[in-house]
Amino acid sequence: CWLEIEIFMSATKICIVGGGFGGLYTALRLSEFPWTPEDKPEVTLIDKSDRFLFSPLLYELITEEMQSWEIAPPFAELLANTGVVFQQGTVSDIDIEGKQITLQDETQVKYDKLVLSTGGKTPVDLVPGAKENALPFRSLNDAYRLQEKLRLLEEANPDKIRVAVVGGGYSGVELACKLADRLGEKGRIRIIDRGNEILKDSTDFNRKTAIEALEKYQIWQDLETEVEKVEADSISLIYKGQTDTIPVDIVLWTVGNRVSELIQKLPLEQNESGLLEIEPTLLVKGRDDILALGDAANSYDGDGNFLPATAQVAYQQSDYCAWNIWAMATNRPLLSFRYQPLGEMMTLGTDNATINGLGLKLDGPMAYVARRLVYLSRLPTLKHQLTVGFNWITQPLVELLSP
């Protein structure tokens with residue numbers, strides 16, 4: 001009995017701040033290692049939300065192809081029987097010398113090892129009026145706000161619903177196509193981007209497929225165009241030195257990624273964007289007790305190429321992060337992160353997607369099904385995978401038999 005108490009009191013405390021792909025999957029991986037009773041740590045996951053968000057499927061909420069419980073399961077459910085403690089709250093301060101985290105409600109959490117996976121946020125204050133009148137599309141609450149705005153517009157039954165999507169990257173294109181499916185003939189959708197082409201970082205195959213989808217939906221592309229200001233019912237655009245103000249009902253902002261203020265104020269080495277500088281092992285430079293991954297870290301692949309803040313990068317980093325924490329606790333060698341590019345997938349509306357990677361090029365309904373199956377396999381736990389998969393199988397039958 002006394003031995004058990006002594007082991008418990010001396011257990012290494014691992015605290016993970018941020019329950020996105022990097023944070024949650026690190027916690028789950030840590031719970032799977034064959035810890036000895038002497039080495040087994042206390043793992044605490046802190047997040048301001050009570051739910052994990054599988055963000056690549058957030059677009060499916062707009063067309064009601066999926067329900068929120070499928071893509072945003074509660075942390076308590078995912079971490080049940082793992083030994084990981086979930087603490088809901090917003091972190092207000094991290095004392096890295098005292099190794100203590102303080103939450104807004106004054107709760108304090110001690111740690112021995114700290115994992116920073118705080119994610120980022122979409123900056124909507126880059127142009128006048130955007131913060132007040134434009135909607136980001138990054139969180140579950142963002143999706144709810146957009147759904148409510150769409151509902152009110154649809155109930156008003158205007159001749160047309162005008163939507164401007166700022167940003168011609170993956171998120172902007174996927175969002176525009178889903179909106180086109182939902183709004184149908186009423187939709188008047190445009191994508192605004194300062195570049196000379198959409199999806200500038202995408203493969204040629206996926207870009208070509210996406211352009212074809214945009215043309216099919218009659219989604220207008222305002223390229224080489226900048227936003228001057230956003231107002232409640234209009235957006236002002238600058239094209240070749242000329243300003244044009246057009247009426248809009250909804251402005252969606254999908255460009256940019258800003259590091260959280262919490263990370264920016266830490267006395268740790270950062271790049272000019274505020275991203276934490278890390279070693280290949282994911283340890284923050286100059287520290288042997290702090291690791292960082294995902295949107296909080298300045299990440300590179302094995303060839304020295306910068307890695308964008310994507311779910312795929314954070315998902316792969318979580319394996320290395322968990323291994324290296326285990327390795328430090330059990331005197332094993334640490335591993336340097338090696339990113340494996342598995343290709344890219346995009347949804348281009350209901351029953352349409354594009355996939356390019358690992359020698360596979362696929363578009364249309366088959367790509368749509370393949371994308372859903374790949375993401376099903378990436379859901380956090382086997383139980384959740386089975387629950388969601390069963391719902392996908394039975395839902396068409398329920399709809400068919402419904403009166």
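Let me start with the sheet: three strands, open, in the order S4-S5-S6, with antiparallel pairing. The edge strands are S4 and S6, each pairing on one side only. From one strand to the next the twist averages 20°. Keep in mind that this is a predicted model.

Now the pairing strand by strand. S4, residues 91–95, runs antiparallel to S5 and is joined to it by 4 bridges. Val91 stands opposite Leu103, and Asp95 has Gln100 as its bridge partner. The two strands make a hairpin with 4 residues between them, and in that turn Lys99 has a positive phi of about 55°.

On the other pairing, S5 meets S6, residues 108–110, over 3 bridges, again antiparallel. Here Thr102 stands opposite Gln108. This is also a hairpin with 4 residues between the strands, and the turn residue with positive phi is Glu106, at about 75°.

What about the two faces of S5, residues 100–103? Both are covered: Gln100 and Thr102 are buried on one side, Ile101 and Leu103 on the other.

That brings me to the nonpolar core. The largest one has 107 residues, and the members that touch the most others are Ile94, Ile101, Leu116, Leu146 and Leu179. A second, separate core has 15 residues, including Ala130, Val227, Val230 and Trp253. Going back to Ile94: setting aside neighbours within four places in sequence, its contacts are Gln100, Ile101, Tyr111, Leu114, Leu116, Leu262 and Leu266.

Next, helix H7, residues 170–183. Its 14 residues reach 20 Å from first C-alpha to last, close to the 20 Å expected at 1.5 Å a residue. Why call this helix largely enclosed by the rest of the structure? Because 11 of its 14 residues are buried. Among them are Ser171, Gly172, Glu174, Lys178 and Leu179. After the helix comes Gly184, with a positive phi near 60°.

Lys178 deserves a second look. Its relative accessibility is 0%, so Lys178 counts as buried. Its side chain forms a salt bridge with Glu65, with the closest N and O atoms 2.4 Å apart. Glu65 sits in the loop between S2 and H3 and Lys178 in helix H7, so this pair ties together parts 113 residues apart in sequence. Glu65 is buried too, at a relative accessible area of 19%; the cut-off for buried is under 20%.

The count of salt bridges comes to 19. Another of them joins Glu60 and Arg371, at 2.7 Å from N to O. Glu60 is in the loop between S2 and H3, Arg371 is in helix H11, and the two are 311 residues apart. Both Glu60 and Arg371 are buried.

Are the partners in the Asp125 and Arg258 salt bridge, 3.0 Å from N to O, in one part of the chain or in distant parts? Asp125 lies in the loop between strand S8 and helix H5, and Arg258 in strand S17, so the pair ties together parts 133 residues apart in sequence. As for accessibility, Asp125 counts as partly exposed at 42%, and Arg258 counts as partly exposed at 27%.

Last item. Glu97, Lys99, Arg287 and Asp289 are linked in a network of salt bridges. Lys99 is the turn residue I mentioned in the hairpin of S4 and S5, which takes us back to the sheet.

Note on methods:
Residues numbered from 1 in each chain as written. Predicted model: local features only at pLDDT ≥ 70, side-chain atom pairs only at ≥ 80, totals over all residues. Heavy atoms only, no water. Core = buried A, V, L, I, M, F, W, Y, C linked by side-chain atoms within 4.5 Å. Buried < 20%, exposed > 50% of the residue type's maximum accessible area, 1.4 Å probe, protein only. Contact = heavy atoms within 4.5 Å. Expected span 1.5 Å × (residues − 1). Pairing = 2+ DSSP bridges. Axes fitted to C-alpha atoms, helices over the stretch in contact; angles between N-to-C directions. Salt bridge = Lys/Arg side-chain N within 4 Å of Asp/Glu carboxyl O.
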